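The exercises below ask the reader to work from the overall dimensions of a protein model down to single backbone angles. Each task is followed by a solution that proceeds step by step.

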Amino acid sequence: MNKILNLSLRPRVAFSDKALKSVVASKLRVPPSEIRKLNIQKRSIDARKHKVIVHLSLEAVFGKAPVSPSEFFPPYKNVSGSSEVLIIGTGPAGLFAALRLIELGMKPVLIERGVDIHERKKDIAKLIREKKIDGNSNYCFGEGGAGTFSDGKLYTRSKKRGDVDKILRVLHFHGAQEEILFDAHPHIGSDRLPSVIENIRKSIIDHGGEIRFGCRLTDLVLSSGKIKEVVLQTGEHIPVRELILATGHSARDIYELLSKKGILLEEKSFALGVRVEHPQELINSIQYHNDDQMAFLPSAEYRLSARIEGRGVYSFCMCPGGYIIPSMTSENEMVVNGMSSSGRNTPFANSGIVVEVGPGDWGKSEAGKKLPGLNFQMKLERKAFEESGSQVMAPAQRLGDFLEGRFSGSLPANSYLAGLVSSPLHEWLPGIIQNPLKHAFLDFGKKMKGFLTNDAIITGLESRTSSPVRIPRDTQTLEHLQINNLFPCGEGAGYSGGIISSAVDGVRCAEAVFNKNQSVKR
Ligand SMILES: Cc1cc2nc3c(=O)[nH]c(=O)nc-3n(C[C@H](O)[C@H](O)[C@H](O)COP(=O)(O)OP(=O)(O)OC[C@H]3O[C@@H](n4cnc5c(N)ncnc54)[C@H](O)[C@@H]3O)c2cc1C
């Protein structure tokens, strides 16, 4: 019979299959050869005390006994002849909406402005090499959406564990590593995400769904409070029954289109600031207290937050062993973000450090404008671009110099492949961002001794954390408050932040469309 064990072990044993098997065998008083498999069910690193401990919950599998949890096969149906649902955007929200529709027996037709992963990789390489941005194919736009070239962190604050577990299982089914099913802070990595996304595409097409790349939605034809047709940049008109709009928070043209059509939008708070980068070794030694078994542990993470002058300031999308990347979507703007591979093995640790801003902050300068939060965000991205003087080089400053108001005469080694330009961020970041940032950094330096070092750099602008706009929808039916066949979905609509919560929202929108169709049939 299989045995379940809860163990608290030192890293050297916990992260070695052989050593772990021998500890389990000795606990169970059996020879290691009798254990067929160790099936880890939960793993978390506890670095609160001086000696780091790894907590494990695992199942020792013997003989021919079945391994639990049992294999997961999503119940996809053949939907080739079923009624169609149009989905705009193939980010996590759009893809998971499509997969759920297939389970429910409806046919998803996905429309994507960008190209498939294979071509997208080439465009991203070109972005670094030729320093030119393609407005439809970049780190945010294209197959898989903004999460494709990311750290692939999969944790979320979502309380609905069941939904999250299913998303993780679907990702694993499509090729993500097994660890995402048991690690407390799972992540996939940008070397593995593209093949997972390709496998999801294959599932959608194999079951009768459709995906059309290089098709940007440019217009909507409205009639009697509904969207009658969508218009693509090619001039093609596609009739609409139900539309799931999952275009992400970087699709400014979509907000502008909705606003032009008189479709209700709401302002919302978001956050922006800088991306800080330290040597990973330093973060490891702070977080793991120079533990003598540090070498067996993964690159360390951190999560920081402070409340300064009534504003939240927090770390965002921390990427251990990662890269800072240029994630703008148009010319003349500068935006940075972070990604890492599954091994998280560069010598650098980066994280967004962002300050909450809200409708009260745009003030007079944006008064009377249609999308004031969006304008505020855009203006700062343009300023960051002007400061670097190049399409993809990013303005940067040493952290200590930023705090002391000094220009950095030189910049340390860093992960930003397109090149950094020394810039006085202390002069051009607006006070409502700069002052809370400075105070928060001082606070973070107290929480993590060694964090405040002039070997760390900050780069700008970390501005695409969440959407400055919400597309309001009914809390029950998930339909737009005015347009009753429009289902605003995911991060761009203001209902999620991150890969998992966007996927969960995609599933919810698919179910809402299905429920609407069921009630019409009844
Ligand atoms: C570099 C980077 C790293 C990140 N790292 C992480 C991480 O580690 N963990 C995490 O949880 N989150 C991470 N995120 C955030 C995460 O990627 C997003 O929260 C998530 O992708 C949002 O999903 P979505 O489907 O709502 O929108 P998106 O992923 O933005 O997808 C929107 C899609 O719509 C398409 N589209 C836009 N406009 C149109 C149009 N007019 N016509 C047709 N198609 C259109 C876009 O091309 C895109 O494919 C990261 C983001 C970036 C940019």
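**Exercise 1. Compare the radius of gyration of the protein with the value for a compact globule of 522 residues.**

Step 1. The radius of gyration is taken over C-alpha atoms, and the globule rule is 2.2 Å times the number of residues to the power 0.38. With 522 residues the rule gives a value near 24 Å, and because the protein has 24 Å, the two agree.

Step 2. The model is a predicted one, in which local features need pLDDT of at least 70 and side-chain atom pairs count only at pLDDT 80 or more, while totals for chains, interfaces and linings use all residues. Residues are numbered from 1 along each chain as its sequence is written, and side-chain values use heavy atoms, with hydrogens and water left out.

Step 3. Taken along the principal axes, the box filled by the C-alpha atoms is roughly 75 × 65 × 40 Å. Buried residues (under 20% relative accessible area, with exposed meaning over 50% and partly exposed in between, for a 1.4 Å probe and protein chains only) make up 56% of the 522 residues.

Step 4. The exposed surface comes to about 22000 Å², of which carbon and sulfur atoms supply 51%; accessible areas come from the Shrake-Rupley method with a 1.4 Å probe, and for residues only the protein chains shown count as cover. Among contacts (heavy atoms within 4.5 Å) between residues at least 6 apart in sequence, 71% join residues at least 24 apart.

**Exercise 2. Describe the open sheet of seven strands and the helices that lie on it.**

Step 1. Helices (H or I, at least four residues) and strands (E, at least two) are DSSP runs numbered from the N terminus, and by this count the protein has 13 helices and 22 strands. Two strands pair if DSSP finds at least two bridges between them.

Step 2. The order of the open sheet is β13-β14-β17-β12-β20-β18-β19, with mixed pairing. Since β13 (305-308) and β19 (420-422) stand at the edges with a single partner strand each, one side of each is left without a neighbour in the sheet. From one strand to the next, the twist averages 30 degrees.

Step 3. Within this sheet, β18 (residues 394-398) and β20 (residues 457-462) run antiparallel and are joined by three bridges, and Q397 has I458 of β20 as its bridge partner.

Step 4. Helix α9 (residues 372-388) packs on the sheet and touches β12, β17, β18, β19 and β20, its direction making about 35 degrees with that of β12. Helix α8 (residues 280-287) lies across β12 (270-279) and β17 (348-357), and runs at about 95 degrees to β12. For these angles, axes are lines fitted to C-alpha atoms, for helices over the stretch in contact, and the angles run from 0 to 180 degrees between N-to-C directions.

**Exercise 3. Determine which strands pair with β3 and how far β3 is covered.**

Step 1. Strand β1 (residues 3-9) pairs with β3 in the antiparallel sense over seven bridges, where I4 has E59 as its partner.

Step 2. Strand β2 (residues 35-46) also pairs with β3 in the antiparallel sense, over 10 bridges, and L38 is matched there with A60. Six residues lie between β2 and β3, which form a hairpin.

Step 3. β3 itself (residues 53-62) is mostly covered, with eight of its 10 residues buried.

**Exercise 4. Place S150 and state whether S150 is buried or exposed.**

Step 1. S150 lies in the loop between α4 (117-130) and α5 (161-173), and a relative accessible area of 11% makes S150 buried.

Step 2. Leaving aside residues up to four places away in sequence, S150 touches G189, S190, L193, G338, M339, S340 and I499.

**Exercise 5. Locate the cis peptide bond and the positive phi values at E309 and N332.**

Step 1. Most residues other than glycine have a negative phi, and most peptide bonds are trans.

Step 2. The cis bond joins G460 and L461, with omega about 5 degrees, and L461 lies in strand β20.

Step 3. E309 has phi near 45 degrees and lies in the loop between β13 and β14 (311-319); at 58% relative accessibility, E309 counts as exposed.

Step 4. N332 has phi near 65 degrees and belongs to the loop between β15 (322-326) and β16 (336-340), where N332 is partly exposed at 38% relative accessible area.
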